[in-house]
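Work through the exercises below with the structure in view. Try each task before reading its solution.

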Amino acid sequence: MTAPDSFPLQTVVVVPAHNEFSHLPQCLRALTTAALCLPTPVCAVVVLDSSDDGSEQLAGEFGPDVHFISVDAGNVGAARAAGFEYSKSLYGQIDPQDTWYATTDADSVVDADWLMRMVRPDLHAGADMVLGVVRVPNWRHVSPAVVRRYLRSYRSSGTDHDHVHGANMGFRADAYWHVGGFRALASGEDVELVERFEAAGLTVHRDRRLSVATSDRREGRAPGGFAQHLRKLSGSAPRSKAGAGT
């Protein structure tokens, strides 16, 4: 079992992707850089879900530790779950208690210290789950008024935060399997997983300094996700309780 003051023996990052050929290269380059910052092995699993844009052609371009698999679920929760299930075959000889899982989105770009910050023993010692935030570096698809509205709302939680993003979360592998993993939800799969972690009495740390850059596109891949949240702020979408990106 990994001690609270040591790094996990391995880290697995799952990236669900539906027709993300244009975004995946930047996402995977950033993940490769973040992996180099850890002293222990990291592998990424890209889950192409019902993709027909040629994304599979990217397989092999980012080294042997970036794996591509394909599913036909049309469901982001099922895609994330499939990625972690597949990862069992990669490092099956290492105990889940010595493994850290993380997940991000194909239209997101992690910082170079993303994984280091998530698993560094002195920052989140004893955490079963770590939740970060997202930022939009380039606002191109929404009006300045919507940007101001979004930023006011997003910053209202003070020094801590109460947001949940599938694009920026990580958890102990044994804790993940203990609660049953991601469920096949078309949206809100990230929020629902956090709720089960908390219901099980597991420790959830929230870190506003753990940030991931994401897209401001208004037509997202998952209903109820970040893109719909932006449309809701502009008044062009019905209000939804689904929580990705809120």
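**Exercise 1.** Classify Arg206 as buried, partly exposed or exposed, then do likewise for Glu198.

*Solution.* The model is a predicted one.
- Step 1: recall the cut-offs. Buried is under 20% relative accessible area, exposed is over 50%, and partly exposed lies in between.
- Step 2: take Arg206. Its relative accessibility is 26%, so Arg206 is partly exposed.
- Step 3: take Glu198. Its relative accessible area is 42%, so Glu198 is partly exposed.
- Step 4: look at the pair. The side chains of Glu198 and Arg206 form a salt bridge, with 3.6 Å from N to O. The cut-off for a salt bridge is within 4 Å.

**Exercise 2.** Find the acidic residue that meets Arg117 in a salt bridge, and say where each residue sits.

*Solution.*
- Step 1: the partner is Asp207, at 2.8 Å from N to O.
- Step 2: this pair ties together distant parts of the chain. Arg117 belongs to helix H3 (residues 114-119), while Asp207 belongs to strand S8 (residues 204-214). They are 90 residues apart.
- Step 3: check the accessibility. Arg117 has 14%, so Arg117 counts as buried. Asp207 has a relative accessible area of 4%, so Asp207 is buried.

**Exercise 3.** Trace the salt-bridge network that includes Arg80.

*Solution.*
- Step 1: begin with Asp105. A salt bridge joins Asp105 to Arg80, and their closest N and O atoms are 2.8 Å apart.
- Step 2: place the two residues. Asp105 is in the loop between strand S4 (99-103) and strand S5 (108-110), and Arg80 is in helix H2 (residues 76-87). The pair links distant parts of the chain, 25 residues apart.
- Step 3: classify Arg80. Its relative accessibility is 2%, so Arg80 is buried.
- Step 4: complete the network. Glu189 is linked with Arg80 and Asp105 through salt bridges.
- Step 5: set this in context. The whole structure holds eleven salt bridges.

**Exercise 4.** Locate Asp65 and list its contacts beyond four places in sequence.

*Solution.*
- Step 1: Asp65 lies in the loop that runs between strand S2 (42-49) and strand S3 (66-71).
- Step 2: leave out neighbours within four places in sequence. Asp65 is then in contact with Val42, Cys43, Ala44 and Tyr91.
- Step 3: take one of these, Cys43. Asp65 and Cys43 are 22 residues apart in sequence, yet 4.7 Å apart in space, C-alpha to C-alpha.
- Step 4: classify Asp65. Its relative accessible area is 40%, so Asp65 is partly exposed.

Notes. Residues are numbered from 1 along each chain as its sequence is written. This is a predicted model: local features need pLDDT of at least 70, side-chain atom pairs count only at pLDDT 80 or more; totals for chains, interfaces and linings use all residues. Side-chain values use heavy atoms; hydrogens and water are left out. Helices (H or I, at least four residues) and strands (E, at least two) are DSSP runs, numbered from the N terminus. Buried means under 20% relative accessible area, exposed over 50%, partly exposed in between (1.4 Å probe, protein chains only). Contact means heavy atoms within 4.5 Å.
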